[in-house]
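Biologist: Hello! I am new to this structure and would like to learn how its descriptions are justified. Could you show it to me first?

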Amino acid sequence: VRPTASVVLADTALAAGETSTVTITFSEAVVGVDLADFSVENGTLSNLATSDSITYTATLTPDADTQDTSNLITLDNSGYLDPAGNTGAAPVSSNNFAIDTLRPTASIVVGDTALAAGETSTVTVTFSEAVTGVTTTDFSVENGVINGLTSSDGGITWTATLTPTADVEDTSNLVTLDNTGVADAAGNAGVGTTDSNSYAIDTLLPTASIVVADTALAAGETSSVTITFN
């Protein structure tokens, strides 16, 4: 009688940073089981161990940057033996497991790249997939603030309004998103930061001084008047 086996994953939906225990249960005690006997779709096995030579456990770590709803672990039953020297029968596969280790990314576009006093600009943030947890506190804005952050398509495209700071003159400014504050449907958080295109701000209003050169004018006299702007 050849030994048989079952392969069962505890967690069948794996996100970035997650692992799952894999339990391999044989019909009788076997020897010679090692990691080379397993093929794993979009992942790797490690820490194979047993205390009774019947039930073995291992750890499944999914591949990074992967999105796949259909994956299996397959055991090649010819790689181990029972006490009588019988190898296993045909290969056996695990239950199916899904992997989503693809972290969301973003792009940020400031619509108006030259802002004067009293002007605002639409800021469009487009993610690689639907995300939640996006708030204005996830953004740092040079010489301005953003507000009115909303999404109308389920969390992929977000828009906000950028209002520049008053009395500022700066040709190079960015809106920066901290990607760790957002997560996709699988719970994957973004990594790092994303910068917008550069925009210029000139909200410095002009001022003037007026000087009359001759401050005591008699009949027939004139005076120069000098107006100096900043």
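Modeller: Gladly! Let us begin with Tyr80, which is buried at a relative accessible area of 1%. Please keep in mind that this is a predicted model.

Biologist: What makes Tyr80 count as buried?

Modeller: Buried means under 20% relative accessible area. Tyr80 has 1%, so it is buried. Phe26 has 4%, so the word applies to Phe26 too.

Biologist: Why are Phe26 and Tyr80 called an edge-to-face pair?

Modeller: Two cut-offs decide that: ring centres must lie within 6.5 Å, and planes over 60 degrees apart count as edge-to-face. For Phe26 and Tyr80 the centres are 4.7 Å apart and the planes make 70 degrees, so by these cut-offs the name fits. Phe26 lies in strand β3 and Tyr80 in the loop between β8 (73-75) and β9 (92-93), so the pair ties together parts that are 54 residues apart in sequence.

Biologist: How many aromatic pairs does a search of the whole structure find?

Modeller: The search gives 2 aromatic pairs. Besides the one with Tyr80, Phe26 pairs edge-to-face with Tyr56, at 5.4 Å centre to centre and 80 degrees between the planes. Here β3 (residues 20-26) holds Phe26 and β6 (residues 55-62) holds Tyr56, so parts 30 residues apart in sequence are tied together. Phe26 and Tyr56 are both buried. Ring pairs thus link Phe26, Tyr56 and Tyr80 into a cluster.

Biologist: You mentioned β8 and β9. What sheet are these strands in?

Modeller: They belong to an open, antiparallel sheet of 3 strands, ordered β4-β8-β9. β4 (38-40) and β9 are its edges: each has a single partner strand, so one side of each has no neighbour in the sheet.

Biologist: How do you know that β4 and β8 pair?

Modeller: Pairing needs at least two bridges. β4 and β8 have 3 bridges and run antiparallel, so by that cut-off they pair. Within this pairing, Phe38 has Leu75 in β8 as its bridge partner.

Biologist: Which strands make up the open sheet of 4 strands?

Modeller: Its order is β11-β13-β17-β16, again with antiparallel pairing. β11 (106-110) and β16 (144-151) are at the edges with a single partner strand each, so each has one side without a neighbour in the sheet. On average, neighbouring strands of this sheet are turned by 25 degrees against each other, direction ignored. β13 (residues 121-127) and β17 (residues 157-164) are joined by 6 bridges, and Val125 stands opposite Trp158 in β17.

Biologist: Which residues have the most contacts inside the largest nonpolar core?

Modeller: Val125, Phe127, Val134 and Phe139 do, in a core of 21 residues. β11, β13, β16, β17, β19 (175-178) and β22 (199-202) each supply at least two of its residues. Setting aside neighbours within four places in sequence, Phe139 is in contact with residues including Ile108, Val125, Ile146 and Leu177. Apart from this core lies another, of 20 residues, among them Val7, Phe26, Val30 and Leu60.

Biologist: Last one: what makes Thr194 buried, and why is its link to Asn179 called a polar contact?

Modeller: Thr194 has a relative accessible area of 12%; the limit is under 20%, so it is buried. The side chains of Thr194 and Asn179 meet at 3.0 Å, and the cut-off for a polar contact is within 3.5 Å, so the distance qualifies. Thr194 sits in β21 (residues 193-195). Not counting residues up to four places away in sequence, Thr194 also touches Ala106, Ser107 and Ile108, among others.

Conventions:
Residues are numbered from 1 along each chain as its sequence is written. Side-chain values use heavy atoms; hydrogens and water are left out. Axes are lines fitted to C-alpha atoms, for helices over the stretch in contact, and angles run from 0 to 180 degrees between N-to-C directions. A nonpolar core is a set of buried Ala, Val, Leu, Ile, Met, Phe, Trp, Tyr and Cys residues joined through side-chain atoms within 4.5 Å. Buried means under 20% relative accessible area, exposed over 50%, partly exposed in between (1.4 Å probe, protein chains only). Contact means heavy atoms within 4.5 Å. A polar contact is a pair of N or O atoms within 3.5 Å; within protein, one must be able to donate a hydrogen and the other to accept it, and residues adjacent in sequence count only if both atoms are side-chain atoms. Rings of Phe, Tyr and Trp (its six-membered ring) pair if their centres lie within 6.5 Å; planes under 30 degrees apart count as stacked, over 60 as edge-to-face and the rest as tilted.
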